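Some labels in structural biology rest on a number and a cut-off, and it helps to see the two side by side. Please look at the structure below before reading the questions.

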Amino acid sequence: MSDKRPPPQPLRPLDQALAELLAHARPLSGNETVSTFDADGRVLAQDCVSALQVPPQDNSSMDGYAVRSGEVADEGVVMPVSQRIPAGAQPEPLVPGSAARIFTGAQVPQGADAIVMQEDTEPAGEQIVRICRVPAPGQWIRRAGEDVTRGAVVLAKGQRLGPADIGLAANIGLDKLLVARRPRVALFSTGDELVMPGAVPPEQMKPGTIYNSNRFFLRSLLQRLGCELTDLGVVPDRRDATIDALRTASRDHDLILTSGGVSVGEEDHIKPAVETLGRLDFWQIAMKPGKPFAYGKVGNSHFIGLPGNPVSSFVTFVLLVRPFVLMLQGASRVAPHGVAMTAHFDWRGDKRREFLRVRRNADGGLDLFPNQSSGVLTSASWADGLVDNPPGRAIARGDAVRFIPLAELLQ
Ligand code: AMP
Ligand code: MG
């Protein structure tokens, strides 16, 4: 049989591939207003500006007594208790020569400039308190506006909201937020060898067949990025079936994501099928795992084809698809932060840039999963991060390496 394969392309550096990919990721039109309760994981489409200061007034950070510090020059001063101020109450100005009973979060009365915690006081009669420790001016007072000043941008457009952020939005009185709409993503896997778990019990699996694992983690990765998912299941390794699936997927979806069939073998139908309906850039990326990767357009939908090998699929998703999907939502930060950590392993290196599956150990270093093959999904499950190892670099135990936590890539 003649070999009709095209000549091999030069490998494309990952940073270049990422930049080219992201250049296609225009933010989607159509923002939506959601309840702040439901905004976790969404990307803000508008700055959140505070209409008030937080805390709104000076308040006490202790249960105790509000005083004028100048009136308590010595230990053991005895004072009448002129008022009681629980949280939520509006205090009267502090009567000179007196203390006010005050509780955590309660507004400090006008005239008071310090709180004496109740542990530093003792009762000295009916509505009389003894101050056992001299207060420093300002002590145990949380200042008005020390958290948020009026007019401040507390959360900027493009920020992806987490739990603390939605709390902060609530803190400045926002019950609704304008966010980017969820990207609509169609997903399918290719491969005649793929069997769905549950369809055939493990002991009856035919030789040559494997369970479809990519479908499971790709669904979960997409959902974690806030996508609205249409799962088209498994498409057989045939040109016509692949074209049909792509045509369906291109309706009403912002992105079509596939796994497998993106290499240049005769059973790889993604490339010609996308080219029949739209256009495709096929890249060989200089990364390991990974390498084959495709970006294109089918109608108005973006198309991204991931490699079939599970770890390649997983790693190319978190390093390329994740930033792309975040960019569609207008996120301002899409690249993960790497941190320097110490390798507690030796590694030969590779001519391609590698993303090694590693795990932090109790000694503050990184352990390497022993089998770094792109088919070994156990490595990704075991790992809590990736070491970004530059091309041609051997790692010796004790070397500093760039660690990217998976926790960041999976959220
Ligand atoms: P391909 O990219 O289609 O040539 O597939 C490369 C390798 O990944 C082959 O060993 C496939 O069997 C495997 N593979 C492809 N798709 C999946 C999938 N959805 N789940 C698990 N393995 C897969
Ligand atoms: Mg295949």
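The questions and answers that follow concern a predicted model, and they set computed values against the terms used for them.

Q: Why is W140 called partly exposed?
A: The relative accessibility of W140 is 34%, and partly exposed is the term for values between the 20% under which a residue is buried and the 50% over which it is exposed, so W140 counts as partly exposed. Its place is in the loop between β9 and β10 (141-142).

Q: What makes K351 count as exposed?
A: K351 has a relative accessibility of 76%, and exposed means over 50%, therefore K351 counts as exposed. K351 is placed in the loop between β22 and β23 (353-360). The C-alpha atoms of K351 and R143 are separated by 57 Å, and these two residues are 208 residues apart along the chain.

Q: How do you know that strands β22 and β26 pair, and in which sense?
A: Two strands pair if at least two bridges are found between them, and β22 (residues 339-343) and β26 (residues 400-405) have four bridges, so they count as a pair. The sense of this pairing is antiparallel, and within it A340 stands opposite R402.

Q: What makes β22 and β24 a pair as well?
A: Two bridges join β22 to β24 (residues 365-368), and since at least two bridges are required, the condition is met. These strands run parallel, and T342 of β22 stands opposite G365 in β24.

Q: Why is the approach of N212 to ligand 1 called a polar contact?
A: A polar contact is a pair of N or O atoms within 3.5 Å, and a nitrogen atom of ligand 1 is 2.8 Å from an N or O atom in the side chain of N212, so this pair qualifies. By the same reasoning, an oxygen atom of ligand 1 that is 2.8 Å from a polar backbone atom of G261 makes a polar contact, and so does an oxygen atom of ligand 1 that lies 3.1 Å from a backbone N or O atom of G308. The protein buries 77% of the 480 Å² that ligand 1 exposes when taken alone.

Q: What kinds of residue form the shell around ligand 1?
A: There are 16 residues around ligand 1, and among those that come nearest are E193 and N309. The shell divides into four nonpolar, ten polar and two charged residues, with β13 (184-190) and β15 (210-211) each supplying at least two of its residues.

Q: Which residues have the most contacts inside the largest nonpolar core?
A: This core has 46 residues, and the most contacts inside it belong to L257, I304, F317 and F324. The largest share, twelve residues, comes from α6.

Q: Why do the phi value of Q127 and the bond between V54 and P55 deserve a remark?
A: Most residues other than glycine have a negative phi, and most peptide bonds are trans. Phi of Q127, a residue other than glycine, is near 55°, a positive value, and Q127 is found in the loop between β8 (121-123) and β9 (128-131). The peptide bond joining V54 and P55 is cis, with omega about -10°, and P55 is found in the loop between β2 (48-49) and β3 (59-60). A cis peptide bond also joins K288 and P289, where omega is about 0°.

Conventions: Residues are numbered from 1 along each chain as its sequence is written. Chains are lettered from A and ligands numbered from 1 in the order in which they are written. This is a predicted model: local features need pLDDT of at least 70, side-chain atom pairs count only at pLDDT 80 or more; totals for chains, interfaces and linings use all residues. Side-chain values use heavy atoms; hydrogens and water are left out. A residue is near a molecule or strand if one of its heavy atoms lies within 4 Å of it. A polar contact is a pair of N or O atoms within 3.5 Å; within protein, one must be able to donate a hydrogen and the other to accept it, and residues adjacent in sequence count only if both atoms are side-chain atoms. Accessible areas come from the Shrake-Rupley method with a 1.4 Å probe; for residues, only the protein chains shown count as cover. Ala, Val, Leu, Ile, Met, Phe, Trp, Tyr, Cys and Pro count as nonpolar, Asp, Glu, Lys and Arg as charged, and the others, Gly among them, as polar. A nonpolar core is a set of buried Ala, Val, Leu, Ile, Met, Phe, Trp, Tyr and Cys residues joined through side-chain atoms within 4.5 Å. Buried means under 20% relative accessible area, exposed over 50%, partly exposed in between (1.4 Å probe, protein chains only).
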